[in-house]
Amino acid sequence: MPVTGPSGADMGAGDEQAQVIVVGAGPAGATAALYLARAGMDVLLLEKGTFPRDKVCGDGLTPRGVHQLVRMGVDIDAPGWTRTRGMRWMCEGRQAHIDWPRLGGQPDFGLTRSRHDFDDILVRHATGAGARLRMEVKATGPLTDRAGRITGVTAVAGADKEPRTYRAPVVIAADGASARTALAMGLERDPARQIATAARRYYLSTARTHDPYLELWADLRCSRTGRDLPGYGWIFPLGDGRVNVGLGSLPHRRHGAVDLRATMEHWLARLPKEWGLREENADSPLRSAALPMGFNRRPQYSRGLLLVGDCAGMISPWSGEGVVQAMEAGEVAAEAVALALLRPGGPGREEALRQYPREINRLWGRYYRLGNHAADLVLGRYGYRPILNRRVMASPVLVRSLARLLTQVADEPGHDAIDAVLHTLLRLVPAPTPALGRGRRTPKASRKPRPKP
Ligand SMILES: Cc1cc2nc3c(=O)[nH]c(=O)nc-3n(C[C@H](O)[C@H](O)[C@H](O)COP(=O)(O)OP(=O)(O)OC[C@H]3O[C@@H](n4cnc5c(N)ncnc54)[C@H](O)[C@@H]3O)c2cc1C
């Protein structure tokens, strides 16, 4: 005899229900699950992999990321965290050191930590707060009701890929760049927005592993075309003998494809031998991944489904950073869901869930709109070299202002003159309207037949 859950649906062995399902336990999903659990919600966190696990990333966090970790209760004084004092920009033989600003509302240091550990730590905080984690569970598609509203997900669990269903009135998609859940609900990405790609590799480097600065190189040339890389290279210290070295590229349509591997080899060959960034010191293969950015998938809420992190293209078009954006959006999503679930299902709850894209738009709408223009007109065509020209690099005020614009490390309301200028600049950008649609096409959802009365 089938087991029947509280919603009246048939429950198979291993099937589960919750108030909220979060698909994907990267920074976006783990943060959302943590804040939901803290709000007393019954939350199921589904993850296709196991922890700890690797994730292709630069492993660098600005003070905004540190701020979010502190809010989440992560012990950043524990071993394994490496503090950074700021950024070092390298361009045409010139260098500029930019210390993280001393602001009232942000820490004055950044952090690095390999994503191998980082994601595991966040997930343990989420489960510590009460989230129910299910690893090796891969969501395969949404379950929907007759109105096309999501009511859970189908999944396969374990090595044997046992079919499962997980039900909840609200689902948060945090499944990264693949955006499988959003796509299956008909939420396509905006084809007008370019997707960046980035590659990274670990090297053993005693010379660079304790560098107090995140180092960024703006004058790299594409090996194939000889043109400026429409992106930048980085060397981030991990403090454990390794450095994370990589480069990212946002090629404009007219630029053509970039061979990241060859461009990186070309760049590393330029660097001093004593840094050790040579084949014999490589500590991992070179791996690359996509960076969906500039809010390239909207609406961020539709029919019971909230999109958080890379699956919503939340990577900053200014810098390629996405971890802090994923965590901050995870918190905003959790708050919207917790408030929505205080209301009975219907228009009132729907209105509360629509607050999520509104709030994201309020926080970042103008900044991303301006960033998308900057990416289209400058960064994706010519890279960072034009903005890090001799005059800018020679002016500490210009360099500091640009750094704050690129990383969005600022106080709100403004703390100093640089904050005031940046906030004024952003206020001049017309606010985009948050997309609050139903999605663009009918979902490819599996509808379970309702039991006959
Ligand atoms: C080379 C590179 C360097 C980068 N460097 C930086 C950096 O230095 N700093 C920074 O801030 N950002 C950086 N980024 C961006 C950053 O990695 C991402 O923005 C960030 O990981 C987004 O987090 P997320 O939780 O949205 O997605 P992810 O981290 O991708 O997490 C998604 C999770 O969902 C799981 N999942 C996927 N599909 C399913 C499914 N069907 N069912 C269940 N689980 C599923 C995945 O296994 C994964 O655990 C970099 C990106 C790249 C590619």
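This report walks through a predicted model of a protein chain with a bound ligand.

## The ligand and its surroundings

Start with the ligand. The shell around it holds 38 residues. The closest are E47, R53, G58, G60 and D310.

Three of these residues make polar contacts through N or O atoms. E47 uses a polar side-chain atom, which lies 2.6 Å from an oxygen atom of the ligand. D310 also offers a polar side-chain atom, at 2.7 Å from an oxygen atom of the ligand. G60 works through its backbone instead: an N or O atom there lies 2.9 Å from a nitrogen atom of the ligand. The ligand exposes 1000 Å² when taken alone. The protein buries 94% of that area.

Which elements give two or more residues to the shell? They are α1 (27–38), β12 (137–144), β16 (196–204), β18 (231–237), β20 (287–291) and α6 (323–340). Strand β12 gives the largest share, 3 residues. By class, the shell has 19 nonpolar residues, 8 polar residues and 11 charged residues.

## Salt bridges

Now turn to the charged side chains. Side chains of opposite charge can pair when their charged atoms come close. In this model the count comes to 32 salt bridges. The table sets out three of them.

| Pair | Closest N to O distance | Burial |
|---|---|---|
| R201 and E279 | 3.0 Å | R201 buried at 12%, E279 exposed at 56% |
| R208 and E215 | 2.8 Å | both buried |
| D228 and R385 | 2.7 Å | both buried |

Look first at R201 and E279, whose side chains meet in a salt bridge. The pair links distant parts of the chain, 78 residues apart. R201 sits in strand β16. E279 sits in the loop between α5 (260–270) and β20. Are the two partners buried or exposed? R201 counts as buried because its relative accessibility is 12%, under the 20% cut-off. E279 counts as exposed because its relative accessibility is 56%, over the 50% cut-off.

Next come D228 and R385, which form a salt bridge with the closest N and O atoms 2.7 Å apart. This pair also links distant parts of the chain, with the two positions 157 residues apart. D228 lies in the loop between β17 (213–217) and β18. R385 lies in the loop between α8 (355–382) and α9 (390–393). Both residues are buried.

D228 and R385 also belong to a network of salt bridges. Which residues does that network link? They are E92, R94, R221, D228 and R385.

## Strand β8 and its partners

Two residues of that network, E92 and R94, lead to the next stop. Strand β8 covers residues 86–91. Of its 6 residues, 6 are buried, so the strand is largely enclosed by the rest of the structure.

Strand β8 pairs with β9 (residues 94–99) through 6 bridges, and the two run antiparallel. C91 has R94 in β9 as its bridge partner. The hairpin of β8 and β9 has 2 residues between the strands. There, E92 takes a positive phi near 50°.

Strand β8 also pairs with β17. Here 5 bridges join the strands, which run parallel. M87 stands opposite L214 in β17.

## Backbone details in the loops

Some loops carry backbone features worth finding in the model. The peptide bond from F51 to P52 is cis, with omega near -5°. P52 is in the loop between β5 (43–46) and β6 (60–61). Another cis peptide bond joins R298 and P299, with omega about 5°. P299 lies in the loop between β20 and β21 (301–302).

R303 has a phi near 45°, a positive value in a residue other than glycine. R303 is found in the loop between β21 and β22 (305–307). R303 counts as buried because its relative accessibility is 7%.

Q408 is not a glycine either, yet its phi is positive, at about 55°. Q408 has its place in the loop between α10 (396–407) and α11 (417–428). With a relative accessible area of 18%, Q408 is buried.

How values were computed. Residues numbered from 1 in each chain as written. Predicted model: local features only at pLDDT ≥ 70, side-chain atom pairs only at ≥ 80, totals over all residues. Heavy atoms only, no water. Near = heavy atom within 4 Å. Polar contact = N/O pair within 3.5 Å; in protein donor to acceptor, adjacent residues only side chain to side chain. Areas by Shrake-Rupley, 256 points an atom, 1.4 Å probe, with all protein chains shown as cover. Helix = DSSP H or I, 4+ residues; strand = E, 2+ residues; numbered from the N terminus. Nonpolar A, V, L, I, M, F, W, Y, C, P; charged D, E, K, R; others polar. Salt bridge = Lys/Arg side-chain N within 4 Å of Asp/Glu carboxyl O. Buried < 20%, exposed > 50% of the residue type's maximum accessible area, 1.4 Å probe, protein only. Pairing = 2+ DSSP bridges.
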